[in-house]
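I am opening a fresh notebook page for this one. My plan is to look things up one at a time and jot down what I find.

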Amino acid sequence: MKKEKLSCENARKIPIEKALEFLGHLPTRNSEKEAWFLSPLRSETQASFKVSKKLNCWYDHGLGIGGNIIDLICELSKVSVSQALEILAQLKTVNYDLSKQQRSNLKESGIEIKDVKFIQHPALLQYLTKRKISLTIANTFCREVHYTIGNKYCFSIGLKNNSEGWELRNKYFKSSSSPKDLTWIKNESQNLMVLEGMFDLLSLITIYPNLKREADFLILNSIAFADKALPILDNYKTIELYLDRDEAGRKTTAFFLNSTPKCIDKSEFYSAEKDLNVWLMKRK
């Protein structure tokens with residue numbers, strides 16, 4: 001399928017904060033004039049990445065660099081200007097004049113799955129390497145999923161949920177196909193590992209390879225499904241929680257701990273990082 005050509009002039013018109021949102025980065029502070037993010041270019045706990053809405057430019061105070069949206073994609077993805085324009089052409093499939101809820105609905109209902117196979121595309125292999133996940137482990141739980149969003153053809157690493165929908169991740173894209181649901185992986189074990197997302201699962205198996213045979217796994221795919229997860233917990237003797245260490249993750253951990261004494265918070269060993277995969281990527 002022929003790729004849409006996007007000029008530099010039109011690319012620079014794409015609002016940076018909306019593009020960051022589409023890529024999975026949400027602001028910690030927001031006003032009419034500016035938005036502040038945790039830097040997408042590095043790990044930090046205090047937001048120092050500023051986006052000027054009036055100028056549509058960004059500045060990372062920690063790195064001392066900034067620029068327009070093309071500069072950001074080049075820096076974020078380590079690509080050339082022409083490759084950055086190809087990425088931005090994909091992002092432009094979303095109508096940035098829509099409300100946040102409308103955009104969310106579009107991302108979930110506008111995805112049509114075309115093909116599912118074992119992971120083999122070089123771009124996805126590179127993405128797994130960056131996140132320190134082996135191809136063997138990834139192919140144990142995930143697949144390479146090809147899909148369309150409107151008239152755009154895309155591909156991602158996918159984790160199937162209990163309702164036959166897919167959680168979709170690649171270097172530039174984070175979304176899901178409908179219907180969205182939990183992912184419950186059963187190995188007839190009495191021990192359950194509860195995680196937030198697919199890369200938490202893949203990271204845990206990378207750290208503890210034997211778990212893939214010795215435990216069951218429940219991937220929330222959204223902390224909004226915490227209530228829905230409770231009946232599943234009744235099936236197990238012990239439940240280990242490997243949730244994110246941000247505010248939302250800590251609240252969800254507390255919710256499960258208060259719901260049943262069978263739950264154990266296992267996030268202490270990566271407490272200095274946002275989540276299990278960030279901790280894994282920083283290990284030598």
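**Entry 1: a lysine and its partner**

Is K50 buried, partly exposed or exposed? I looked it up in this model, which is a predicted one. K50 has 27% relative accessibility, so K50 counts as partly exposed. Next I checked the partner: the side chain of K50 meets that of E34 in a salt bridge, 3.3 Å from N to O. I noted where the two sit, and the pair links distant parts of the chain, with K50 in strand β3 (residues 49-52) and E34 in strand β2 (residues 34-37), 16 residues apart. E34 counts as partly exposed too, because its relative accessibility is 25%.

**Entry 2: other charged pairs**

How many salt bridges are there? My count came to 13. A reminder to myself: side chains of opposite charge can pair when their charged atoms come close.

I picked K160 next, which forms a salt bridge with E164, and the closest N and O atoms are 3.2 Å apart. K160 is partly exposed at a relative accessible area of 35%, whereas E164 counts as exposed at 52%.

Then I turned to E167 and R169, whose side chains meet in a salt bridge at 3.5 Å, N to O. I found E167 buried, with a relative accessible area of 1%. R169 is buried as well, at 13%. Following the links further, I wrote down a network of salt bridges that joins E167, R169 and K180.

**Entry 3: a glutamate without a salt bridge**

Where does E196 sit? I found E196 in the loop between β12 and α8. E196 is buried yet has no salt bridge. The nearest side chain of opposite charge belongs to K274, 6.2 Å away. A salt bridge needs the atoms within 4 Å, so I left this pair off my list.

What I did find is a polar atom of the E196 side chain lying 3.0 Å from the backbone nitrogen of D244. Setting aside residues up to four places away in sequence, I listed what E196 touches: I219, L220, N221, S222, I223, Y242, L243, D244 and G249.

**Entry 4: the chain as a whole**

I stepped back to see the full chain. The secondary structure comes to twelve helices and 15 strands. There are 284 residues, and buried ones make up 46% of them. I also looked at contacts between residues at least 6 apart in sequence, and 58% of these join residues at least 24 apart.

**Entry 5: the cores**

Which residues touch the most other members of the largest nonpolar core? I found I157 and F217, in a core of 29 residues. Elements that each supply at least two residues of this core include β8 (152-160), β12 (191-195) and β13 (216-219), along with α6 (122-130) and α12 (276-282). Helix α8 gives the most, with seven residues.

I then listed some of the residues that F217 touches, not counting those up to four places away in sequence: among them are T183, W184, I185, L192, L201 and L211. A second, separate core has 22 residues, including F37, I69, I73 and L85.

**Entry 6: following the second core**

F37 caught my eye, so I looked it up in strand β2. At 1% relative accessibility, F37 counts as buried. F37 and E17 are 20 residues apart in sequence, and their C-alpha atoms are 9.0 Å apart in space. Beyond its neighbours within four places in sequence, F37 is in contact with E17, L20, H25 and P27, and also with F49 and V51, among others.

I went on to helix α3 (residues 69-77), where seven of the nine residues are buried, so α3 is largely enclosed by the rest of the structure. I wrote down the buried ones as I69, I70, L72, I73, C74, L76 and S77. At the start of α3, a side-chain oxygen of N68 comes within 2.9 Å of the backbone nitrogen of I70. Just after α3, K78 takes a positive phi of about 55°.

**Entry 7: cysteines**

How many disulfides does the structure hold? I found zero. I checked two cysteines anyway: C142 counts as buried at 0% relative accessibility, and C263 is buried at 8%.

Definitions and conventions. Residues numbered from 1 in each chain as written. Predicted model: local features only at pLDDT ≥ 70, side-chain atom pairs only at ≥ 80, totals over all residues. Heavy atoms only, no water. Core = buried A, V, L, I, M, F, W, Y, C linked by side-chain atoms within 4.5 Å. Buried < 20%, exposed > 50% of the residue type's maximum accessible area, 1.4 Å probe, protein only. Helix = DSSP H or I, 4+ residues; strand = E, 2+ residues; numbered from the N terminus. Contact = heavy atoms within 4.5 Å. Disulfide = S-S within 2.5 Å. Lys, Arg positive; Asp, Glu negative; His and termini not counted. Polar contact = N/O pair within 3.5 Å; in protein donor to acceptor, adjacent residues only side chain to side chain.
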